[in-house]
Amino acid sequence: MQESIKSQKIHSVIQTQDFSEMSNVVRQPRPLLRKLHARPQQEGVGATVRRSIGRSELKYFDPFLVLDEFSVTAPAGFPDHPHRGFETVTYMLQGAVIHEDFEGHEGIIEAGDLQWMTAGRGIVHSEMPVPEGTQKGLQLWINLPSTYKMTEPRYQELSKEDVSEATKDGVMVRVIAGEALGVQSPIYTVTPTMYLDFTLNPGARIRQPIPYSFNAFVYVLEGDGVFGSSRSSPVSAHNLVLLGSGDGLDAWNKSTRSLRFILVGGEPLEEPVVQYGPFVMNTQEQIDEAIEDFENYTNGFEKARYWSSKSSSGFGH
Ligand code: FJE
Ligand code: FE
């Protein structure tokens, strides 16, 4: 019997990340290495994304393949398409997106909700806006280690109320993955990853530990933030900041408005990356196999043969 996709485990050895040895003191704040402004571009069908990671100036920030701040208004969207070899993390900021996949897994991802999808060997799905208004969010693509690229697909979903929050001294954090201000996320990450959504009141400052080995970045959503050195100039919304080496982030809201940003870090895989659109593997041979498997409905794409989503039926799929 085929188990429901939701109940499938990636691998029995996967454990919740242990951040307990991480000191709460930041001695060596990571400097601001590089700043990139993400301009709007067209993706999917009529959707707009501000892509910071995954564009020509920054093809890959190991283990991160894509960071899109998306904005989609019906009838635009991301109709039926496949994924293999990585994870997609969808975090809604405004409105809602309807998700449907070829296993019959479906749902609405609303503002504040999180969908952590391990595509593994294969998912075919659609991601379409609800009919009313403009739907906004973030989608991050995290690469999988070579040994997990063909793992069974799996979802981890948290609704707004289930995303842990902590507040201290004018700082509010929503813990998507990892740990902050003593609060931990229940999300299992194959590639060790932290993902924090910070809101800082005017004048507030936070020092957030980051494992030394991680690559880490900040993406500003609202307001202006000072990162790295307290003398560096403020970074405004829609900018990505790559952080250099150190043991944590020093972030400061010197402005009179609220500051919102995400801090994301991950253990670099240091493996070859061969990408063809939604297939991300280690070799060209594996990419050729992915294309063949998708075309022939084999090795994980069996259920794509007779499936098309309800919500993209207007797109001629
Ligand atoms: C995709 C083009 C795409 N960013 N942000 C090519 F647009 C997509 C894709 C998305 C996407 C979906 C959402 Cl809900 C949010 C996104 C790209 O679906 F997968 C390929 N291959
Ligand atoms: Fe997708």
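## The iron site

Donors of a metal are N, O and S atoms within 2.8 Å of it; water is not among the atoms considered, so a site may look incomplete. In this predicted model, the iron ion (ligand 2) has its protein donors in His81 (NE2), His83 (NE2), His125 (NE2) and Glu127 (OE), at distances of 2.1 to 2.3 Å. Along the chain, these donors follow the spacing H-x1-H-x41-H-x1-E. His81 belongs to strand β5 (residues 78–83) and His125 to strand β10 (residues 123–129), so this pair ties together parts of the chain that are 44 residues apart in sequence.

The angles among the four donor atoms run from 83 to 176°, and the site of the iron ion (ligand 2) is irregular. Four donors count as tetrahedral only if all angles lie between 85 and 135 degrees. Because the angles at this site reach from 83 to 176°, they fall outside that tetrahedral range. Are the donors His81 and His125 buried or exposed? Both His81 and His125 are buried.

## The surroundings of ligand 1

Which residues surround ligand 1? They are Glu43, Gly44, Arg51, Asp68, Phe70, Phe78, His81, His83, Glu127, Gln139, Trp141 and Pro278. Among them, His81, His83 and Glu127 also serve as donors of the iron ion (ligand 2).

Two contacts of ligand 1 may be described in detail. A nitrogen atom of the ligand lies 2.7 Å from an N or O atom in the side chain of Asp68. An oxygen atom of ligand 1 is found 3.1 Å from an N or O atom in the side chain of His81.

## Aromatic rings

A pair of aromatic rings is described by the distance of the centres and the angle of the planes. Rings pair if their centres lie within 6.5 Å, and by this rule the model contains 10 aromatic pairs. Ring pairs link Phe61, Phe64 and Phe217 into a cluster.

A ring may also face a charged group. The charged end of Arg205 sits over the ring of Trp252, at 4.3 Å from the centre of that ring.

## Backbone features

Most residues other than glycine have a negative phi, and most peptide bonds are trans. Where does the model depart from this pattern? A cis peptide bond joins Asp62 and Pro63, with omega at about 5°; Pro63 is located in the loop between β3 (47–53) and β4 (64–73). Another cis peptide bond, with omega also about 5°, joins Ala74 and Pro75, and Pro75 has its place in the loop between β4 and β5.

Positive phi values occur at Leu181, where phi is near 45°, and at His238, where phi is about 70°; neither residue is a glycine. Leu181 lies in the loop between β15 (179–180) and β16 (183–184), and because its relative accessibility is 32%, Leu181 counts as partly exposed. His238 lies in the loop between β21 (235–236) and β22 (239–243). With a relative accessibility of 22%, His238 likewise counts as partly exposed.

## A residue in strand β6

Leu93 is part of strand β6 (residues 86–94). Its relative accessibility is 23%, and Leu93 therefore counts as partly exposed. Between the C-alpha atoms of Leu93 and Glu106, which are 13 residues apart along the chain, the separation is 19 Å.

Key: Residues numbered from 1 in each chain as written. Chains lettered and ligands numbered in written order. Predicted model: local features only at pLDDT ≥ 70, side-chain atom pairs only at ≥ 80, totals over all residues. Heavy atoms only, no water. Phe/Tyr/Trp six-rings, centres within 6.5 Å; stacked < 30°, edge-to-face > 60°. Lys NZ or Arg CZ within 6 Å of the ring centre and 35° of its normal. Donors = N, O, S within 2.8 Å, 3.2 Å for Na, K, Ca; no water. Tetrahedral: all angles 85-135°; square planar, octahedral: opposite > 155°, others 65-115°. Helix = DSSP H or I, 4+ residues; strand = E, 2+ residues; numbered from the N terminus. Buried < 20%, exposed > 50% of the residue type's maximum accessible area, 1.4 Å probe, protein only. Near = heavy atom within 4 Å. Polar contact = N/O pair within 3.5 Å; in protein donor to acceptor, adjacent residues only side chain to side chain.
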